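Hi,

Here's the structure I said I'd pass on. Have a scroll through it first, then read my notes underneath.

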Amino acid sequence: MQIIIDQLNYSYGDGAMRQQALKDVSFSIPKGQFLALIGHTGSGKSTLIQHLNGLLKAESGSIYFHGEDISDEDYNRKKLRSKVGLVFQYPEHQLFETDVFRDVCFGPKNLGLDDNKAGLKAFEALHQVGIPEELFYVSPFELSGGQKRRVAIAGVLAMEPEVLILDEPTAGLDPRGREELLTMLKKLHKQKHMTILLVSHSMEDVAKYAERVLVMEKGSVIHDGSPKEVFSKREELKRLGLDVPEITDFMQDLQREGFPVNPQMITVEEARQEILKAFKKGQLC
Amino acid sequence: MLRDITLGQYYQTDSLLHRLDPRVKIVGTFAYIISLFLFRNITIYLIAGLWLFAMIRLSKVPFRFMVKGLKPVIMILLVTVICNVLFTKGTPVFSFWKITITDEGLKMALFMTIRFVMLIIGSTLMTLTTTPNQLTDALESLLSPLNKLHVPVHEISMMMAIALRFIPILMEETDKIMKAQLARGADFESGNMFKRVKAMLPLLVPLFVSAFRRANDLAMAMEARCYRGGEGRTKMKPLIYKNTDRRAYLCILVYLVVLIVGGFIGKRLPL
């Protein structure tokens, strides 16, 4: 197991305004998994991911990264932050350098790499996120929203993390930008065997890309399973203010109306196959 | 990380001080601040302390909120205390190597500290019991005579309202950017002075960019709702004095008189 989270508790504020943000959260992440974390606003997702690279300190409970407790006094948290890359919501707001290339170099340089090595990492990272070379030396503030976001993600990728955590990376992007970004994540996952934790509000994206889904509610993880398992609990998810992919909704309605289809289809492609199969059997019309 | 700063933050509860007309509170706070500087003797600090204590009880705001407001200025306070103790000339009490500590210096430092702490707590109390909107409405109303001198009172108070409103937003933003840069291996804590200042750059640049972006958005939103400045603008909740407010003014007056009398008496006492 790459990351083990054991009985994590955390609260914000103190006294009367104290609010428990995480309640006995326990789960573990094997190397190379593509996870999605869902839950409505305020369910503790962002708090949880900030614990994973040591930005927040747990009140009780522990997190083990490769078997070492990250809350130990002498644990090297800076190194942890390079191994567990965290991309915040709207990461483009963190850009600050005079040109794109220098901004991406910021992370590797903080790890103590010299200019050449940092530059090499930055170059690779910018390639991975698909920023063309003619944009390397323009100011990050002149880029489009989608490009800025990719540069910001490159800034984290340049540190070569083993685990990449992204908090709603597609928020505010156009459909094409979303698709490109998620395809890029999939590629990183496949080629570099990077562990990816995706916080998302789009059930379609979760269904399409994730291998495992965690559902959070009021600071606890209440479901943990494959997308198919989790999305079969339509009523419960809706009660929590969440949803299932539209296509799953559709398939479940079809089945309820008496069509002989398996309702557990979560992507459009799967659903298409399933409906065609039913047609071929001649059970429809 | 940065959630501890209470200056300019409102504490929601229902108390006499909360319901008071904000103009009374501003005048009262000013009177209180001036009163702290009128004399320098223990009697007036006792009187002002009593007054402050009564106000804190009336406000129903937990005391620790005010103490929290003191935290960010503790460094400034320490520096002034040390300077006062070391560099005031007078009758020496204690001498060591080149350092001479004088009776006057100690007294000065003590008075400075009392004054400073009471000043901060007093003004924190005003912002804790008054929403930023009320505060600026009151300022606008109090300064409105200046309109005759072509001072853009409405614009100034609008700017203040926006500035106050943006403090918590920018705090949160700072916290967010700080964390984002920490996640990229930034180090804000170690290194010498020069290094630390340099390390602030990745924090300050995005903060300024975002402040300008927000200002731009806000200006756009205001224009979209036909904001044209103060001329001919009416209020939904105009400020009108009630009987309680008049009584409060009277209380402030009584406080000032008592304090001035106390000050003159205190002058004759030793210390």
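Below is what turned up in chain B and in a sheet of chain A.

One thing to keep in mind from the start: this is a predicted model.

Chain B

Let's begin with the overall picture. Chain B has 11 helices and 2 strands. If you walk along chain B from the N terminus, the order of elements is α-α-α-α-α-β-β-α-α-α-α-α-α, so to speak a run of helices with two strands in between.

As for dimensions, the C-alpha trace of chain B spans about 65 × 60 × 40 Å along its principal axes. Of the 271 residues in chain B, 37% are buried. The accessible surface of chain B is about 16900 Å², and carbon and sulfur atoms account for 70% of that.

What about contacts across the sequence? Taking contacts in chain B between residues at least 6 apart in sequence, 76% of them join residues at least 24 apart. On the charge side, chain B carries 34 positive and 17 negative charges, and the mean positions of the two sets are 5 Å apart.

The sheet in chain A

Now switch to chain A. Here 6 strands make an open sheet with mixed pairing, in the order E6-E7-E8-E3-E9-E10. The edges are strand E6 (84-87) and E10 of chain A, each of which pairs on one side only. On average, neighbouring strands of this sheet are turned by 15 degrees against each other, ignoring direction.

Start at the E6 edge. E6(A) runs parallel to strand E7 (residues 163-167) of chain A, and 4 bridges join the two. If you want a spot to click on, Leu86(A) stands opposite Ile165(A) in E7(A). Lying across E6 and E7 of chain A is helix H5 (residues 145-157) of chain A, which runs at about 165 degrees to E6(A).

Then go to the other edge. Strand E9 (residues 212-217) of chain A pairs with strand E10 (residues 220-225) of chain A in the antiparallel sense, over 5 bridges. Glu217(A) has Ser220(A) in E10(A) as its bridge partner. How many residues lie between the strands in the hairpin of E9(A) and E10(A)? There are 2, and Lys218(A) in this hairpin takes a positive phi near 50 degrees.

That's the tour; shout if you'd like to go through it together.

Cheers

Notes:
Residues are numbered from 1 along each chain as its sequence is written. Chains are lettered from A and ligands numbered from 1 in the order in which they are written. This is a predicted model: local features need pLDDT of at least 70, side-chain atom pairs count only at pLDDT 80 or more; totals for chains, interfaces and linings use all residues. Side-chain values use heavy atoms; hydrogens and water are left out. Buried means under 20% relative accessible area, exposed over 50%, partly exposed in between (1.4 Å probe, protein chains only). Contact means heavy atoms within 4.5 Å. Accessible areas come from the Shrake-Rupley method with a 1.4 Å probe; for residues, only the protein chains shown count as cover. Lys and Arg count as positive and Asp and Glu as negative; His and the chain ends are not counted. The place of a charge is taken as NZ of Lys, CZ of Arg, CG of Asp or CD of Glu. Two strands pair if DSSP finds at least two bridges between them. Axes are lines fitted to C-alpha atoms, for helices over the stretch in contact, and angles run from 0 to 180 degrees between N-to-C directions.
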